[in-house]
Amino acid sequence: MPEMISPEEARELVLAGVHALDVERVPLLDAVGRVAAEPVTSDIDISPFAHSAMDGYALHAAELEGATEENPVTLRVIAEEGAGSVFEGTIGAGECIRIMTGAPLPESADAVVKYEIVGIVEGDGKTGSVVSFTAPTKPRNNIREAGEEAKAGETVVQVGEVISAAGIGFLASCGAMEVATYRRPRVAIIATGSELVPPSEVPTPGKIRNSNSYAMAACVQQAGGIPQVLPIVEDTYEALAKAVQEAVKTCDFVITTGGAANGDYDFIKPVVDTLGDLRMTTVNMRPGKAQTFGLVDGVPVFGLPGNPAAAYIGFHVLIRPALRKMQGYTHFEHTKVMARLSRDMKKKDPRRIYTRSTIVREGDDYVVTPAKNQSSGLFGPIQRSNCMAIMPEGLESKHAGDLVECLLLDIPEELVL
């Protein structure tokens, strides 16, 4: 095992250790944002009939040939047809019907002229009125055709497609009330540390509240997983080994926080090494050099550092891609853009540094401002950030106006900018 690997190598190593989970069928609304695991077909033509695209008048387009402002064509309105009703009659020469958006196009009509450009000569524009037209129209104008969006039996969602909110509406129109999708991973979250107490308690001297479990649970939930926050584990090998062994029995992925370094009370590396297959221990990144990954009974186990920022960044760079792969997604990296630094940034550590930052658009450029406090022990700067500005490996400092790569945290990985 190499002593230290790049974030890219670490991500690929973790991705290689996971696979898409089994397929389940879920109610339509539960499929939003998830990946289709089987093709979805429509049970009918969409639309099932040709219908008017707007409120107006249905007629024969040939009737309006030669219509102008100076020589308008007049037609008598013989009926009205609203959405949900069907006109059973025939539109003859010199006739039209008033039609509403969504109403079926009569077989004897081939065009619709929108209401706003039709003049009223007699009556109120409804049945029995005479209306005028001052311009020709084309056959099939303002008509949504039968089967325009999909034909009966046609595949409307392919395997691998992420189902959007609009897709839910589309599938509803196709009669698909269930969708086959990859199961969401159950993720165990274990905070280690004899100093930790639940957030509901006021810490006594020497104790701190367990914030990592809740941050990681929120990260898992945002990534589409199902978090299971387990009890705090004290700093002993035996306690951690027992917690991991229990977690892998019921969960698809295990995340621990704390105890990932090489101190006297850091046990996740020997636990994974003893119980399973240890594959990674250090990554060339800051914060979060100590990143442990391996398999225990075939279940991925990832040991994050205890410092909040290190755990958070480690999750987004290394764990989130794996959870997405387990759900069938094919885009694993957060979107990145280039932005100009708003101030100088000194580089004193040769590792790749992920700085908590805020990016904004100014004119044609993105401008990024790193948070003043980059302590790895703080969640606050991350809460007020929307990206991670990346300082590449080496000791080269960056100056105001220099371009740096920024990892965007708040947009889907599928988005291309």
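Which residues line the largest cavity? They are Glu8, Arg11, His316, Val317, Pro321, Phe332, Glu333, His334, Lys336, Arg352, Tyr354 and Leu407.

This is a predicted model, in which local features need pLDDT of at least 70 and side-chain atom pairs count only at pLDDT 80 or more, while totals for chains, interfaces and linings use all residues. Residues are numbered from 1 along each chain as its sequence is written, and side-chain values use heavy atoms, with hydrogens and water left out.

**Cavities**

Rolling a probe the size of a water molecule over the atoms shows where empty space is left. A cavity is a set of points, on a 1 Å grid over the protein atoms alone, where a 1.4 Å probe fits but cannot get out; lining residues have an atom within 4 Å of a point. Points are joined across faces, edges and corners, and a volume is the space filled by probe spheres set on them. The count comes to 2 cavities of 30 Å³ or more.

| Cavity | Volume | Lining by class |
|---|---|---|
| Largest | about 110 Å³ | 5 nonpolar, 2 polar, 5 charged |
| Second largest | about 40 Å³ | 3 nonpolar, 4 polar, 2 charged |

Here Ala, Val, Leu, Ile, Met, Phe, Trp, Tyr, Cys and Pro count as nonpolar, Asp, Glu, Lys and Arg as charged, and the others, Gly among them, as polar.

Helix H1 (7–16), helix H6 (308–326) and strand S23 (352–362) each supply at least two residues of the largest cavity's lining. H6 gives the most, with 3 residues. Helices (H or I, at least four residues) and strands (E, at least two) are DSSP runs, numbered from the N terminus.

The second largest cavity is lined by Thr192, Glu234, Asp235, Thr236, Leu240, Gly258, Gly259, Tyr265 and Phe267.

**Glu413**

Glu413 sits in the segment after strand S26 (403–408). Glu413 is buried (under 20% relative accessible area, 1.4 Å probe, protein chains only), at 5%. Its side chain makes a polar contact of 2.5 Å with that of Arg320 and one of 3.3 Å with that of Arg324. Such a contact is a pair of N or O atoms within 3.5 Å; within protein, one must be able to donate a hydrogen and the other to accept it, and residues adjacent in sequence count only if both atoms are side-chain atoms. Leaving out residues up to four places away in sequence, Glu413 also touches residues including Phe332, Glu333 and His334. Those three also line the largest cavity.

**Ile208**

Ile208 lies in strand S15 (residues 208–209). Ile208 is partly exposed, with a relative accessible area of 46%; the class runs between the buried limit and exposed, over 50%. Beyond neighbours within four places in sequence, Ile208 is in contact (heavy atoms within 4.5 Å) with Glu195, Leu196, Val197 and Pro203.

Key:
On a 1 Å grid over the protein atoms alone, a cavity is a set of points where a 1.4 Å probe fits but cannot get out, and a pocket is an open set with protein on both sides within 12 Å along at least five of seven lines; lining residues have an atom within 4 Å of a point.
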